[in-house]
Amino acid sequence: MTNTLATTLRLACGAVLPNRIAKAAMTEGLADSGDRATDRHATLYRRWSRGGAGLLITGNVMVDRRYLERPGNVVIDGNGGHQQLREWARAGTEAGNHLWMQISHPGRQATRTSTRQPLSPSDVQLKLAGMFARPRAMTPEDIEDAIQRYAHVAEVARDTGFTGVQVHGAHGYLISQFLSPVTNRRTDEWGGTLDNRARFLLETVKAVRGRVGADFPVAVKLNSADFQKGGFTLDECVQVAGWLGEADIDLLEISGGTYEQPRLLDHQGQDDTYAEPQRQSTRSREAYFLQYAGAIQASAKVPLMVTGGFRTRIAMEQAVSSGEADVIGLGRPLCVTPELPAGLADGSVQAADSWEKRLRLGPGRLLGPTSPVYLIKFFNVQGEVAWFYRQIVKLSQGQEPDTSLSLRRALGQHLRSELRLSRGRVFRPQ
């Protein structure tokens with residue numbers, strides 16, 4: 001029987017992925033005070049490179065230092081740091097794998113620790129209003145500036161040794177905000193109909209391709225759906241995927257959810273009215289978004305990467321051999337077991353540990369039994385995220401993961417770290 005996870009994948013641009021396992025993007029928070037990459041990025045990605053994945057995708061690299069997804073983001077915004085990027089790229093490709101830079105703008109999901117007035121297609125505020133300020137609706141000049149910033153970062157990525165780029169159009173960040181009717185209420189050429197709402201993404205991809213050339217991998221990460229009532233739907237995703245295929249991208253990664261509906265983490269968010277039932281077969285195969293892959297792939301006609309929920313080798317093999325996915329994206333398992341891809345590819349490992357099932361806390365142990373349900377869910381999600389962040393920090397320091405760390409302690413450490421990193425750098429528009 002052919003080990004499909006170990007087979008190569010040739011992309012339209014000519015690049016070849018050495019196997020079908022990818023480390024999906026996870027925000028690192030390891031930049032220095034000037035928003036530049038550090039030795040810790042190199043240490044972390046060298047470990048992941050040696051772990052056997054054919055493709056590593058970085059966490060959010062921001063296009064504008066005024067608007068961060070979180071403190072500690074790397075920013076490419078005329079701030080130099082190219083030598084540090086070269087060292088990161090060299091370490092992250094040490095084992096012959098690909099390393100692609102994920103390029104992102106948070107839009108309204110820029111925390112108050114980075115800006116008092118984020119940007120978004122429209123001035124629709126996140127429900128988590130205590131953490132995020134009301135955004136300012138972007139002007140046409142803001143939109144064009146953002147597009148060119150994505151393109152500039154892509155060019156720097158190629159020049160400093162990264163082997164590809166991924167434009168982040170999912171998870172409620174800026175491009176996702178343009179796509180969703182919930183956050184895009186514009187009446188000009190950037191809003192309204194789907195082709196207008198998709199314009200920002202397609203113009204960004206066009207600008208990126210123009211800077212990096214035809215022989216350099218360009219990928220897009222796209223929500224299969226927002227899972228919010230009135231939001232970006234699967235039918236719209238299928239149509240946008242078709243347009244992206246015509247735009248000469250090399251790989252499409254599908255995911256789903258936003259900060260308000262964190263479906264990627266297998267949690268229901270504040271608004272459960274759009275919670276679609278999963279097919280039993282999808283549950284048994286683990287992957288959250290695999291049920292949407294066929295329609296999206298048929299429309300895009302490009303290789304598809306599916307991320308979210310995969311834990312067993314048999315499920316990954318079935319997804320690839322059936323043609324439902326061309327690349328399997330893994331995130332959190334690699335925070336604890338960085339060498340997992342090698343074991344999956346050669347068949348010596350049959351499953352990743354599901355640490356999430358051990359980490360969730362009931363209301364009485366987290367916030368008190370009378371806390372609102374959505375708040376309990378939110379802090380459970382944040383506690384899990386913090387726990388995996390702390391494992392990334394350990395790896396970046398050349399240490400082994402600390403699986404004895406409690407959820408409560410991880411959240412405390414993470415919050416203290418975020419406050420320290422954000423001190424004195426909040427952008428306040430005039």
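Which residue's side chain does the side chain of Asn97 join through a polar contact of 2.5 Å? The partner is Ser49. This is a predicted model, and that pair makes a good place to start a walk through it.

Let's look first at where Asn97 sits. The residue belongs to the loop between H2 and strand S7 (98–104). Asn97 has a relative accessible area of 5%, and because buried means under 20%, Asn97 counts as buried. Besides the contact with Ser49, a polar atom of the Asn97 side chain lies 2.8 Å from the backbone oxygen of Gly92. Setting aside neighbours within four places in sequence, the residues in contact with Asn97 are Pro18, Ser49, Ala53, Gly54, Leu56 and Gly92.

Two of those names, Ser49 and Gly92, lead us on to a pair of helices, since Ser49 of H1 and Gly92 of H2 both take part in the contact between them. Helix H1 covers residues 39–50 and helix H2 covers residues 82–92; their axes are 7 Å apart and meet at an angle of about 15°. Angles under 35 degrees count as roughly parallel, and H1 and H2 are therefore roughly parallel to each other. Their crossing is right-handed. On the H1 side, the contact is made by Asp39, His41, Ala42, Tyr45, Arg46 and Ser49, while H2 contributes Glu87, Trp88, Ala91 and Gly92. Sorted by class, the contact has four nonpolar, three polar and three charged residues. If you trace these positions along the helices, it helps to recall that an α-helix has 3.6 residues a turn, so residues three or four places apart point the same way.

Now move along to helix H5, residues 194–197, where you will find Arg197. Is Arg197 buried or exposed? With a relative accessible area of 5%, Arg197 is buried. A polar atom of the Arg197 side chain lies 3.0 Å from the backbone oxygen of Gly192. Leaving out neighbours within four places in sequence, Arg197 is in contact with Phe178, Leu179, Ser180, Pro181, Asn184, Trp190, Gly191, Gly192 and Glu236.

Our last stop is helix H10, residues 313–321. Which residues are buried here? They are Arg313, Ala315, Met316, Glu317, Ala319 and Val320, so you will see charged side chains, Arg313 and Glu317, listed beside nonpolar ones such as Met316 and Val320. After H10 comes Gly323, whose phi is positive, near 85°.

Technical notes:
Residues are numbered from 1 along each chain as its sequence is written. This is a predicted model: local features need pLDDT of at least 70, side-chain atom pairs count only at pLDDT 80 or more; totals for chains, interfaces and linings use all residues. Side-chain values use heavy atoms; hydrogens and water are left out. Helices (H or I, at least four residues) and strands (E, at least two) are DSSP runs, numbered from the N terminus. Buried means under 20% relative accessible area, exposed over 50%, partly exposed in between (1.4 Å probe, protein chains only). A polar contact is a pair of N or O atoms within 3.5 Å; within protein, one must be able to donate a hydrogen and the other to accept it, and residues adjacent in sequence count only if both atoms are side-chain atoms. Contact means heavy atoms within 4.5 Å. Axes are lines fitted to C-alpha atoms, for helices over the stretch in contact, and angles run from 0 to 180 degrees between N-to-C directions. Angles under 35 degrees count as roughly parallel, over 145 as roughly antiparallel, 65 to 115 as roughly perpendicular and the rest as oblique. A crossing is left-handed if the near helix is turned anticlockwise from the far one by less than a right angle, and right-handed if clockwise.
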